[in-house]
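Me: I would like to go through this model by asking, for each label attached to it, what value stands behind the label and how the conclusion follows.

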Amino acid sequence: MANLLPRESLEQILYHFKSDKKTLVSCVLVNRFWCSTASSILYQRPFKFLNNPSPKLIRTLISCLSQDSKDLLIKSHVNPEIFDLPNSKLNYPSFIRYLDYELIYNSIFELFKEIYEKQQNNNNNKLNNNKLNNNNDNNNNYYYSYNYGIITKRLFTIELFKLIISSTSVIKHLILDIQHIQDVINDGFINFDNDIKSILNTFNSKFCLSQIKKIEYGGIDDLEIMNLLKNYCNQIKSLDINFCNRMTKSEIKTITTTNTNTSNYINKYNYNNNKSNNKLNKSNKSIKSNNQLSKDLINSQFGLKKITLRGRYENLGKLFSSIETQIQSLTFLELFECYLNDRIIMEIISKFFNLEILKFIECYNTTYGNKMIPLNFKKLKRFEFKRNNLGNTDPLLSIFKNSTESLKELVLNQNVNRIIDRHSRHRPRVNSMLVKSIGLYCQNLFYLEIFITQNIIIQWYDTLKLLNNLKKLFINIIKDLSNNEEFWINTTINLPPSLSALTILINYDNYNNILCWIMENCNINLEILQLLGRGLVEPKSIEHIINYYYKFGSLKQLALKEYSYTLKREILLYVKDLFKVSFIGPIGIYEECPKHSSLNIR
């Protein structure tokens with residue numbers, strides 16, 4: 001009966017379970033027809049379901065390798081036992097749509113580790129047997145002749161990339177972010193551009209990579225490597241660049257000259273270093289000779305919508321000159337730990353009139369603030385400004401004034417308690433003028449996250465009265481306010497009637513007094529109460545919450561940060577019968593954990 005269902009219909013049904021590994025694996029076991037259909041969905045993003053690198057998945061891909069690839073790897077001193085696998089009945093690489101260099105490389109590393117440990121044990125047993133038999137075998141070091149080094153792992157990764165690209169019809173998400181590979185951290189990835197060139201020379205690469213919608217790049221701060229994709233991808237909608245702040249182009253060149261043996265070895269396998277360096281030098285000379293914008297991956301796109309830049313990069317101004325070509329389409333921009341010391345950066349950002357989401361997180365700027373640049377974002381829906389050192393707050397006032405109608409979510413967190421480096425003391429706190437402007441210009445806010453200090457509490461009370469559309473409020477405070485009764489009572493009294501979710505982050509003392517002040521003075525119908533941080537939730541605190549529940553009957557969810565409570569079992573059993581008790585993951589995101597949804601009491 002299962003075979004009577006058309007394949008297209010079954011695919012549409014199973015596609016609804018694309019994130020449910022357990023269901024898809026069960027479908028694979030039904031019969032051959034269901035196996036091939038469910039596998040085509042399960043293997044679209046095979047690494048998504050894994051918490052750790054998977055040698056088992058690599059073995060599945062190895063079973064689909066061509067004989068030519070196997071011969072090449074064996075000639076490179078890869079152990080032939082790795083290829084001693086039955087041929088796959090399904091073409092698993094043809095299903096893959098999500099391709100991650102780091103996950104494949106790390107999985108190969110784990111596979112090599114397994115094989116190497118197994119070989120060592122076998123070799124030791126062999127040596128012991130020879131000693132017992134007084135047999136001087138010349139092949140005692142047979143197992144040590146195989147290569148498990150960086151070059152072999154890179155070559156293996158390239159061959160699997162070629163297999164997938166030549167087999168699948170389209171790749172939608174490509175990740176070339178290698179910053180967390182241990183060999184990269186140890187400066188072992190020399191001439192990584194040759195790996196990319198070898199992959200791009202694969203049959204079917206032009207067609208397969210032409211439909212990529214998202215690229216993540218990082219690990220080596222040489223954008224020329226990323227720009228190798230410019231002739232292959234022009235439909236990208238999302239681009240993430242993670243600058244590693246570790247290896248610049250000049251550092252790569254110096255390492256290359258001191259490691260000639262390694263580069264010569266790589267040259268044996270189509271790593272054409274001299275040609276690539278000559279092309280790079282020629283391109284650098286041409287850029288210096290004229291100021292025209294050279295073609296790169298970013299300015300080659302037709303409709304790039306989302307850009308995320310993370311890390312310190314010295315030549316950020318030049319990068320933004322390319323980003324400027326996407327003025328019409330860009331709707332999302334996130335800058336994390338970026339040095340905005342080039343005035344042209346803010347001038348270009350001010351031109352993105354279609355921005356809907358803008359984030360500045362832990363950014364620095366030593367020259368900005370001499371002249372006001374109007375930031376006119378009429379379509380801005382979400383704005384985040386967290387732990388930045390951007391001089392004065394005039395740009396924020398400009399954003400609030402010009403985004404009055406559209407702005408729905410605001411995160412304003414200049415947390416001065418969190419000192420992360422020597423620049424922290426230069427961060428401007430949220431001043432009274434800024435808080436007052438939120439009430440004047442941001443009355444359509446749906447979500448507000450704010451860090452409150454002693455100098456703004458008067459303006460804070462007035463602002464709360466004006467936010468009549470606010471649904472979710474996230475409060476983080478300076479330490480001095482944690483036991484300020486007047487602050488908590490006035491804040492509670494002025495909460496807007498529209499508010500349904502309140503989140504409080506406390507890392508000092510406990511919640512006893514705070515919950516007493518809030519619950520006894522709260523006159524609105526809260527549905528969700530989240531208590532985060534290291535502050536303890538004790539039985540007295542729960543009593544205040546229960547009294548509020550019986551008074552209004554609106555509370556539906558109490559979210560506690562895991563291990564932040566010191567409650568007795570009887571109290572927990574009583575509370576769970578009143579309303580759902582759950583734990584949350586990332587701050588501000590409700591995420592019920594089935595394991596703890598009832599506090600796992602038996």
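Reply: A fitting start is the contact pattern of the whole chain: among contacts in the protein with a separation of 6 or more, 79% are between residues 24 or more positions apart. Please keep in mind throughout that this is a predicted model.

Me: What makes up the secondary structure of the protein, and how much of the protein is buried?

Reply: The secondary structure comes to 23 helices and 15 strands, and buried residues make up 53% of the 602 residues. The protein exposes about 29100 Å², of which carbon and sulfur atoms supply 49%.

Me: Why is E159 called buried or exposed?

Reply: E159 has a relative accessible area of 5%, and buried means under 20%, so E159 is called buried. This residue is found in helix α7, which spans residues 150-167, and, leaving aside its neighbours within four places in sequence, E159 is in contact with L65, S69, L72 and L73.

Me: How do you know whether I164 is buried or exposed?

Reply: The relative accessible area of I164 is 0%, and because the label buried applies under 20%, I164 is buried. I164 is also found in helix α7.

Me: What does I164 touch, and where does Y92 lie relative to I164?

Reply: Not counting residues up to four places away in sequence, I164 touches L61, P93, I96, L99, I104 and I171. As for Y92, 72 residues separate it from I164 along the chain, while the C-alpha atoms of the two are separated by 8.7 Å.

Me: Why are α18 and α19 called roughly parallel to each other?

Reply: Helix α18 (residues 432-441) packs with α19 at an angle of about 10 degrees, their axes being 8 Å apart. Angles under 35 degrees count as roughly parallel, and α18 and α19 are therefore given that label. The contact is made by S432, V435, K436, I438, G439 and L440 of α18 together with Q459, W460, T463 and L466 of α19, and the residues of this contact divide into five nonpolar, four polar and one charged.

Me: What makes α19 roughly parallel to α20?

Reply: The axes of helix α19 (residues 457-466) and helix α20 (residues 485-493) cross at roughly 15 degrees and come within 9 Å. With the cut-off for roughly parallel set at angles under 35 degrees, that makes α19 roughly parallel to α20. The crossing in which α19 passes α20 is right-handed.

Me: Which residues of α19 and α20 meet, and how do they divide by class?

Reply: From α19, I457, W460, Y461 and L464 meet E486, F487, N490 and T491 of α20. By class, five residues of the contact of α19 with α20 are nonpolar, two are polar and one is charged.

Me: How do you know that α21 and α22 are roughly parallel to each other?

Reply: Helix α21 (residues 512-521) and helix α22 (residues 539-552) pack at an angle of about 10 degrees, with 8 Å between their axes. Since angles under 35 degrees count as roughly parallel, this label follows for α21 and α22. On the α21 side N512, L515, C516, M519 and E520 take part, and they meet K540, S541, H544, I545 and Y548 in α22; the residues of the contact divide into five nonpolar, three polar and two charged.

Definitions and conventions:
Residues numbered from 1 in each chain as written. Predicted model: local features only at pLDDT ≥ 70, side-chain atom pairs only at ≥ 80, totals over all residues. Heavy atoms only, no water. Axes fitted to C-alpha atoms, helices over the stretch in contact; angles between N-to-C directions. Helix = DSSP H or I, 4+ residues; strand = E, 2+ residues; numbered from the N terminus. Parallel < 35°, antiparallel > 145°, perpendicular 65-115°, else oblique. Contact = heavy atoms within 4.5 Å. Nonpolar A, V, L, I, M, F, W, Y, C, P; charged D, E, K, R; others polar. Left-handed = near helix turned anticlockwise from the far one by under 90°. Buried < 20%, exposed > 50% of the residue type's maximum accessible area, 1.4 Å probe, protein only. Areas by Shrake-Rupley, 256 points an atom, 1.4 Å probe, with all protein chains shown as cover.
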